[in-house]
Every structure is written in structure tokens, then in C-alpha cells.
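Here are some exercises to work through with the model open beside you. Try each task before you read its solution.

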Amino acid sequence: MTGLGGPLFPIPTGSLLALGALLFCIGLFGALTRKNLIIVLVSIELMLNAANINLVTFSRLGVNPSLSGQVFSLFTITVAAAEIAVGLALLLAIFRLRRSSEVQDLNVHKW
Amino acid sequence: MVEYAWLAPVLPLVGYVFLLALGRRAAEGLVAGVSVILTFLSFLVSLAVFTALGAHPDVTGTYTMRWLTLGAHSIDVGFQVTHLNALMLVVVSAVSTLVFLFSKGYMHKDERFPVFYQYLNLFVFSMMALVVSPNLLQLYIFWEMVGLCSYLLIGFWYFKPEAALAAKKSFIVTRLGDVGLFIGIILLFLSSGSFDYSTVFQAATTGHLGLSWITPADLTTLTGILVFVGAAGKSAQFPLHVWLPDAMEGPTPVSALIHAATMVAAGVYLVARMYPLFVASGTALTVVAWVGGITALLGALIALTQRDIKRVIAYSTISQLGYMMMGLGVGAYAYGMFHLFTHAFFKALLFLAAGSVIHAVDTQDLFEMGGLGKKMRITQWTFLFGALSLSGVFPWAGFWSKDSIINATLQSGHMTLFWIAEIAAFCTAFYIFRVYFLTFHGKPRDESKMAHAHEGSWVMTVPLIILAVMAFIAGLFNTGLNNFGLQRYLMADSPTGLIGKVYPDNVPLMIISVTVALVGIGLAALMYWKPVISAEKLARNLSGLYRLSFNKFYLDEIYYGVVVWTGKLIAGIVDFFDRYILDLIVRMLGRLGYMGGVGLKYTQTGQVQTYSVIAFFGIMILLAIAMFHVGGVF
Amino acid sequence: MPNTIDWLHQPYWMTMGPLLTLVVTAFLVMVLELIFRNGDRRWLTGISMLGTLVALGVALGHFNAQPSQALNTVVIDAFSSVFSVLILITVFLVLLFTLDYKGSNRLAAEHTYLLLFAAVGALAMATAVDLVTLYVGLELLSIASYVLVAVRRKSTHSVEGGIKYMLMGALGSAVLLYGISFIYGISGTTNLMSLSAVAVTMYTTYPAITVLGFVLMLFGMGFKLSLVPFHMWTPDAYAGAPSAISSFLATLSKSAAFAMLLRMLLFIFNGVADKVFFWAGILAAITMVVGNFIALPQRNMKRLLAFSSVAQAGYILVPFALIGASTVQDWPSLFDSISFYLFAYTFMTVGAFAVVHIVSEQKHTLDSDALIGLYHRSPWLAVALSIFMLSLAGMPLTAGFLGKFYIFSNTVQLHTPWLGIVLFATSVVSFYYYLGWLRKVFQHNPEEERVAVPISLPMNTLVALCVVLTLVLGLVPATLLHPLLNAHWVY
């Protein structure tokens, strides 16, 4: 899948997909390693945005370009916002209980 | 009416559930009353179905619903009403009602009275459900259930070691037969793709019963014989008959209901139900005829010398079941069932009368009885009716049905079987009148026991009288008087005449048969009533034969030697293997599995990021394999 | 092509009737909850149950409707009908379950409409045929579930379970979405019906990307289905959440996720099933093995049920894997297996959670020793729990046995016996822990006083319903199988 660049922006699809993949990996790395819950949430946001970049790329430069990719990414952004809102609410709740927003301190349940 | 036939089995089931709910402390009157009323209702339903079919022979039907689906095959549950089934329903419910009534008196003051009735109700339900089963699988389930009920009831007085042993023996021996039946059913299913009778018969009669490793004809014979093995186990046919005499350890009403009239007849019913299969394979039918004949003779010979009143009647049952099988085997479908019908009444009568005697004198040994006739008029007369019927004296019921079977053996050209049947008939008349004279005539041999003997209450005598009437008139259902109604009725299941033959009456033969019976009775009278001939002397002169008969041809001992010892040997080897090798392996595996579980448990560290790492590690590995597998990355 | 759609004449009610009914009920309850702030507000649950019943009636009314679709987005076919009915029954049972929480033990009133919104999402997952709608439905269900797990916001256990579930769930969503984006990229459409038309072309042109898309979507859904190795949040979330919510997670969100996974994978990959579905088999095998073994040493009742639900998800995934070995003619029988098992699984799991809830409330512990002597304290609960456990383990004459039996016979018919063998072997392992509970239930503890277990009316009703349904499915499977057989499967 090379060089399906559009008329206005002659950027190869591959580069955009690589950007998406990179973003996904950065997000994943953050989500797996960062100690602070807020950063973890932000990292997950990055992963979702990687998918968005893919969708938008494909909607312009895919095999069969169509609008639905962009529509999909709009939905995704909205849903992600809701997800993060709930995430922050849960974060607040746990902070009130434990006085900590470290991921490691979530250790009541184990084994 | 036919569509309501399901009520017949369901009513006793309702009774069972109701008695279960009442518990073990329920009042005897309530328990017996409910049971009798429900079975009587069931009898009325059966009778209505029976007459409905008589009026309109074409209203037979199958009512099923899908139970499960296995790929292309499906299994249904439901009920089926045919002429054969309707007849069986009437027999089972009629005898059950009377036995339920009788048991009220017989089991009076037994500690587990309600439990007894629970088992009986469960049995009647299973037996009727067996009869109306529309396919072999359902039949098999209820086949096992009646076996279970029989086991429970034989061992009802489980505190008697003999009873517990007998229950176990009956269970094991009939299981042997059931294994045959089960294999037969599975083979039929594999080769015809269905458990339904009609489909199986269709395949069998058109030669489409096919498996890769056997020809259709051989398969028909093989399955026929396997089904017969099951029937032989249930119906106590040689060589699987050994459980039935021991089953007499159960309460006498149980012997009358299960081990004379209904459950043991289930084997005969099964052969009749599967008749098209047997007809399709002549060999299987011949096997049925010969096993039946041998059983008839063997049972009669052993019965000659037994001392226990119930055992004599039990061997008599074996012998009579042999007659039925022989009738079916020589192609006389209707006569076999006709004999089942009459036998149910006169044999239940003999057992109940014997029960009445045992209830009165508290012994089962014939040589401790005697002279009871004066104290127990009703029992004596009803027993006499049963004995005359069993002996085949004109015009009692047994005469008509037994004679038609003997006639069928003669006319179908089975000369050997004919002679076997006549000899057995002679013995039958002799042994049953031996019992009669020893019990009711002569002087009491044990005064102390005879002193308190008296007739039971009405609940015990009324069933006896009703059964005595039936033992007298039941034969008339298939005579010239009603234009041979029963055989026309039964043959309506197969208008093409595919199921068996009927023969015209043979008056000279009838005269011979009655003469044979009368000679037997006369001999018994000479030996035990007016002792002109000494039984002891005869026994001494024929001591070899006497001992052979008295010891039941040593069959129990032979079985014990062969079956039990081989069984023990194999069990020993298996046990060793199991205990020292398999067990070790299983233990090791169990321990390993548990340790694995513990190890896995500690992966749950509680750290959500560890969870994610493991998840993505899994994703990466599987993804890498998947990509490698497809061969090519982008 | 939006301009070719006749907007006015679409079978909206037929395709979305249950969903719309639930949406209206949910908003109504939400508003009522805002107006009436005080007192025992369990009557809101009553309204919700009523709405659910109406929706169930609508779904049953259209059960055998001719397949049709609206707006190229939602469809009605046997598939959507069966799963809608299952989802609505489950919501009803869970709402009944929540009625038991009252007084000092009560849940925040928001749980009522959150459950309804989650059910709306689940219904969307069962009826939609567009990836966008499916994804939104999934997220609606998931986000509502995160909140529901943390509904006791004063309890560390509850909130921690919620956060863990949320983090893992969001990761799963990201993976799923990433997979979807690739499939969209090589097809240019998000509509499943259009996708099914181009599936073969897709695979022949870009085999690697197709497989990548499939695997990522499977894994993304694997998080929601708690398949191994994405299962590790399950025990924490189940143990943290109130039992009613745990039963909801174990049944409703799984059924919906299975519905969505099946619909998605089958439509997109139907032409190339033999190439890709193999991977589901591997996942199923791993899940069955790990799920069952990890449950062996477990003493916490809810964690054990969580692992049991992991293992059960593995069983249900087996027919998915078989799609790869099947032809279109076999599909109805695979659908039957999946939906029958899901029904059976739902009833026995909800029932088991209910009994565990009652017992742990009485004993104030989740340790399985609380079960000791249950038979002497409450024979009825003991018998009910035995039925659920035997059914989960797969004893003959129970619904669970038949479910496993169908799946097993599928593996044999479709020449994939190794999956059947794994299924059989691991269910033997499961006997150990399920029957371990039974041993405790019938054990007698002589030192303990016999204190009868207090059972509220809703719990009695719930347990009785589950017992009856489990037994009916086990003894007369035709009641469910018959409608399944007569259904017109995929639109």
C-alpha cells in the first residue's frame, strides 16, 4: 500500500499509518509504565487517537475512500471523551478514599 | 379419547408426587385411598382408550414433541397409542388397582407403609410410560426405571439379608439383559438413523438396516437377538431366569404386580412391540420360540418339587412367560399377547391368594400348611379358580389362551415345541394342584400356626374375588362367543397381516390338552390329597431327577461358579491396576493441576499494569505467529 | 448511499422496538430519579422492570418476523431476536436482583438507569450491522458498566474494581478500534453488509492486513469477554462490584459482546472463515485451560465465579472457532450451540451469584467456608445452589450439560476433535471446584448454631426463576431449541 497520495497533499499513506502506529505504541508504553493514573488515562487517549488517525487517513487515502471514516472518528472522539470523564470521576473517588492517584496503590484485590 | 392416553401414566405419577409430599408419617388410609383412586382413574382412562380403539381401529396415533436434535437426527418424547399399547394399559392399570387395594390389608402396620405405596405408584407410572413410549430411547429409560422400582421393592424389607441379596441379584441379572438391549437399540439407531419404531421397522422390513461391517439381513437378526436378550432378562427367560424366584423375598403384592402380571411381561411386550423386526429376521423369531419353549419346560419341571409356596408360583410364572415367548416365536403374535392378558389375572390371583395364606399363617413352607380350606373359604375357592385357569381346564381363561399357543406350535409345524408344551402343561397342572392340596386340604401339619389363621379383611378378599372372576371369564374375550374379538383387535395394528398368524380352533387338540391337565390334577390328588401314591417313595425312586428339579438344575451353582468366579478374577486384576497404577497417575495429575492452579493464581498480582503487560504480551505473541502464518507483513 | 434511502418507510419499530422502549424507560427513570430525591426509591426499579418487560414483549412479538433492516444500520433477524430476548431477560433478572439492596445496604439510585442504558448498548450490539453503531453500543455498555462496578463510591473495593475494569476495558476498546480501522481501510466501508460482499477480495488483495484486522478485533473483544490472557481484571471487578452488578457483568455484557463478535466476524470474514477463525480456537483452548486451573485453589466465592465465567467464555468461544471448519449449512447448528449455551449460562450464573450474595450477606464474608452447613441452614438454597453448580459443571440432565454436549458434538461433526477434547478435559477439572462447593454445602458443622438464612422475596423469586429455567432447559431443551431451529438466521 504505497504512494496513494492525494492531489493536494502528496503524503504517502504509509507515513500516516506509521504515525498512527507510533502513536499507538507511545500510548501503550505510557499506559503500561506510568505510575500516575492521570497519565495512564491520557496515554489511553493517545491509543484511541492512533485509531482515529488511521480512520481519517483511510477515509481520504484508503482503497475505497469514503466519508464514513471521518464520521467514525467523530463518534470515537465523543465516546473517548465520555470514557475519560468517567475515568476522571473514578480517579476522584479513589483519591478521596486512598489519598493517592498512583496506579500501584490499586492493590486491594489480588490473588 | 386417544389423545388423552397420557393421563393413564400421569395419574400414578401425580400419586407418587402427592405421597412424596405427604411424607413418611402419612396415615395409611389416606395413602392407600389416594393411590387406589388414582390408579382406578387411570384404569378408566385406559379402558376408554381401549374401547375407543375398538370402535375406530384407525384412531391410533403418535403424539410427540421434539426433545433434542443431534445434527441431522432428532429425538422426540411423547406417547403412542396402538392396539397393543391400549391392551397393556388396561392390564397394567387393572391389576395395579386391585393390588393397591389388597396391599392396604397386607401391608397394614408396616413401618414404611407410605414408602411402599410411593414405590408402587412410581412403578405403575414407569410401567405405563414404558408401554406408551413412541420410541426405543424413551422405552429404554422407563425400562430401566421399572427395573429400579423392582429393585427397590424386592429389597423393601432391606433389613432381611436375603431380601437385600435378592434385590441385588435381580438388578444385576436383568442388567445383563439390558446391556444387550442397549447395544441393540444403539445398533438400530446407527443403522436406521432413528429411535422411532416406525422408522426402524420400515428400514428392517425393506432391508435398509445397514452398517458397513455387516449385511442388512445379519444386522436384522443380530439386533433382533440383542433386543430379545433384553426381553429375556426382564421376562426371566432361560438362562437369565434365576433372579425371579429370589425376587419372591419382596412383599407378596409386589410379587403379584411386578413379578407376575406386569413388569416381567414387559419382555413379552417388547418382543411383541418389535415384532416386525423379528418377523423380518426368521432366525431371531426361531430363537425366541426355542428359548421360550425351553423356559416353559424348565420352569414347570423345577416347580414340581419346590417347598416354598411363592417359589412354586414364581417358577410357574417363568414357565408361563416361556409359553408367551414361544407363542410369539412360532408366529402367533395375538396368542402370545392373549396369554399375557389372561395370565396377568390368574397369576396375580394366585399370588394374592398365596399372600392371603402367608398373611394368615406366617410361613411360606408348603409342608407346614394344610387344611386351611376350612378357615379360609374365599381364599381357597379363589385359589382353586386360579389353579384351574393355570392348568388350562375348560372353560377357565388359561385354557383358551394356552391352548391357542399349543395349537399354534402344532399348526406352524414345530412338533418338538408342541411336545415340550404338552409336557410342560402336564407338569403345570400337577405342581399347582400339589400346592392347592398341600395348602388347603388334609390335616394341618403345624397346629400352632394354623390355629390363628383367618380370612383377611374386605380389602384383601374383594380383589381376590374380582380376579377370580377375571380368571374365569378373561378367556372368553377371544373365543367364538365374540368372534375372536381380542385377536381381531390386536391384528388391527397391522392390517396387512404382517404381524403374525392366527389359526382356527382345533377341537381334538383341545380335548387332548384338557385331558393332559386333568391327568396332572388327578396325579396331584392321588399323591397329596388322598395319598394313594407316596410322594416320598416316588422321590426316592427317581432321586436323581428329583434332586435335579429340587436344586433347580443346579443353575444357580453353575452361574456362581462360572460367572461370579470369572468376575472376581477380572475384578481382582482391574482392582490391582486401578489401585496401584491408575490411582497413582490420577493423584499425580491432580496434584500437578492444583499446583498449576496455584501458580496461575499468583499471576493475579493486583497490579492493573501487570495485567495489561500480560495481555499485550499475549497479543504480541499471537500476532507474530499469525503474521508469520499468513506470510508477509504489509 | 443516503439519498437512495426512503427515510419515511423504514421498519423502525420492528428493528428497534425493544431498544426504543428501553431508551424511553431509561430517560423516564433518570428524570424521576432527579425529581424524587428522598426515601426508598426502589419503585424506580419497578418501573425499569416494567419497561424491560414491555421491551421483552415487543421483542417476542417480532420474534419470527421476516428479516428486514432499517437505514442500513439496524436489522431484525433471528440472530438479533434471540440475543435481544436473552439480553432483556437478563436485565430483568439483574433488576430483580438489585431489589434486594435496601436500607443501609442500598445502591446509589443511579444504578437503575445505568443498567437500562447499558442494556440499550447491549441491544444495539445485538441488532446493529454497522461498525460505528456497534462500537457506540459497545462503549455505551462498557462505560455504564465501569460506573456500575464502582457504584459504591465509598468502598475502596468497589472503586478499585471499577478503575481496573475501566483501564483494561479502554485498552480493549483501543485495540478493537485499531483493528476496525484497518478493516475499514482496505474496504472503504463500515457497513457489515457491504463488507461481507468484499470480504474475499479483501483477503486476496491484503491477506496480512485482513488477518491483522481480524486478530486485533478478536483481541479487543477478548478484553470484554475476559478471554485469557485478557481476563485478569475479571476477578477484581467481580469481587469489587456488588453481587448484582457482578452477575450483570458475567452474563449480560458477555452475551452482548458474544453477539457483537459473532455478527462482526461472521459478516466481515465469512468468505475467508477457514483462513482466520483458527485463531479463535487457540484463544478458546487457552481460555478453557487457564480459566479452569486458576479456579482450583480459589477460596473467595465471587473470584471463583469470576474464573468460572472465564472458563465458560472459553467453552462458548469453541463454536466460533468451528466457523472456520464449517460450511454455511453448519452455521445454524453452531448458532444453536452458542445461543443455547448463553441462555443456560445466564440462568445458572445469575442464580449462583444470587445464592452467593445471600450467603455472604448472612455470614459477612466471601470465603467459601461460609457455605459450610448451608443445607442445614436453608435446604432450599442448598438445593438451588447444587443445581446451579451441577449445571455449570455439566452434569447430565442439566442445561449446562446439554450446552456442552451440543458444542462437543459440533466439534466432532466439524472434524475439530481436539477442541472437543480440551473442552471435555477441562470440564472434568471444573468438577473439582464446583463439587468442592457442594461438599461444603452438605457438610455439617456441629458447633455452629442453625440460624436460618434470611431470604427476601425478590431473592426467593430470582433463585426460583433461575432454578426453574435451568431445569426446564436441561429437561425439555425443546422449549428453547424449537424456536431456534425455526428461526431465519442471519439477515
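**Exercise 1.** Work out whether Glu144(B) is buried, partly exposed or exposed, and place it in its helix.

*Solution.* Start with the cut-offs: a residue is buried if 20 or more other C-beta atoms lie within 10 Å of its own, exposed if 12 or fewer, and partly exposed in between, with C-beta atoms placed from the backbone. Glu144(B) has 17 C-beta neighbours inside 10 Å, so it counts as partly exposed. Next, find the element: Glu144(B) sits in helix α5 (residues 136-154) of chain B. Helices (H or I, at least four residues) and strands (E, at least two) are DSSP runs, numbered from the N terminus. Finally, take a distance: Ser126(B) is 18 residues away from Glu144(B) along the chain, and their C-alpha atoms are 9.0 Å apart.

A word on the ground rules: this is a predicted model, where local features need pLDDT of at least 70 and side-chain atom pairs count only at pLDDT 80 or more, while totals for chains, interfaces and linings use all residues. Residues are numbered from 1 along each chain as its sequence is written, with chains lettered from A and ligands numbered from 1 in the order in which they are written.

**Exercise 2.** Do the same for Ile183(B).

*Solution.* Count first: 16 other C-beta atoms lie within 10 Å of Ile183(B), which makes this residue partly exposed. Its helix is α6 (residues 161-192) of chain B. For the distance, pair Ile183(B) with Val77(B): they are 106 residues apart along the chain, and 21 Å separates their C-alpha atoms.

**Exercise 3.** Where does helix α25 (residues 555-601) of chain B bend, and by how much?

*Solution.* The bend at a residue is the angle between axes fitted to the seven residues ending there and the seven starting there. Run that along α25(B) and you get a bend of about 40 degrees at Asp578(B). Now check burial: 2 of the 47 residues of α25(B) are buried, so this helix lies largely in the open.

**Exercise 4.** Describe chain A, from its elements to its overall dimensions.

*Solution.* Begin with the elements: chain A has 3 helices and 0 strands, in the order α-α-α from the N terminus. For the dimensions, the C-alpha trace spans about 55 × 25 × 25 Å along its principal axes. The radius of gyration, taken over C-alpha atoms, is compared with a globule rule of 2.2 Å times the number of residues to the power 0.38. For 111 residues a compact globule would come out near 13 Å, but chain A has 18 Å. Buried residues make up 39% of chain A.

Then zoom in on helix α2 (residues 37-61) of chain A. Its 25 residues reach 36 Å from first C-alpha to last, close to the expected 36 Å, where the expected span is 1.5 Å times one less than the number of residues. Of those 25 residues, 18 are buried, so α2(A) is largely enclosed by the rest of the structure.

Last comes Ile84(A), in helix α3 (residues 68-98) of chain A. With 19 C-beta neighbours inside 10 Å, Ile84(A) is partly exposed. Two residues are in contact if their C-beta atoms, placed from the backbone, lie within 7 Å. Setting aside neighbours within four places in sequence, Ile84(A) has contacts with Leu41(A) and Glu45(A).

**Exercise 5.** Now describe chain C.

*Solution.* Chain C has 20 helices and 2 strands. Its C-alpha atoms fill a box of roughly 70 × 55 × 40 Å along the principal axes. A compact globule of 491 residues would have a radius of gyration near 23 Å, and the 22 Å of chain C agrees. Buried residues account for 65% of the chain.

**Exercise 6.** How many residues does each of chains C and A bring to their contact, and which helix of chain C gives the largest share?

*Solution.* Count the two sides: 36 residues come from chain C and 35 residues from chain A. On the side of chain C, α6(C) provides the largest share, with 21 residues. Sort that side by type and you get 20 nonpolar, 11 polar and 5 charged. Here Ala, Val, Leu, Ile, Met, Phe, Trp, Tyr, Cys and Pro count as nonpolar, Asp, Glu, Lys and Arg as charged, and the others, Gly among them, as polar.
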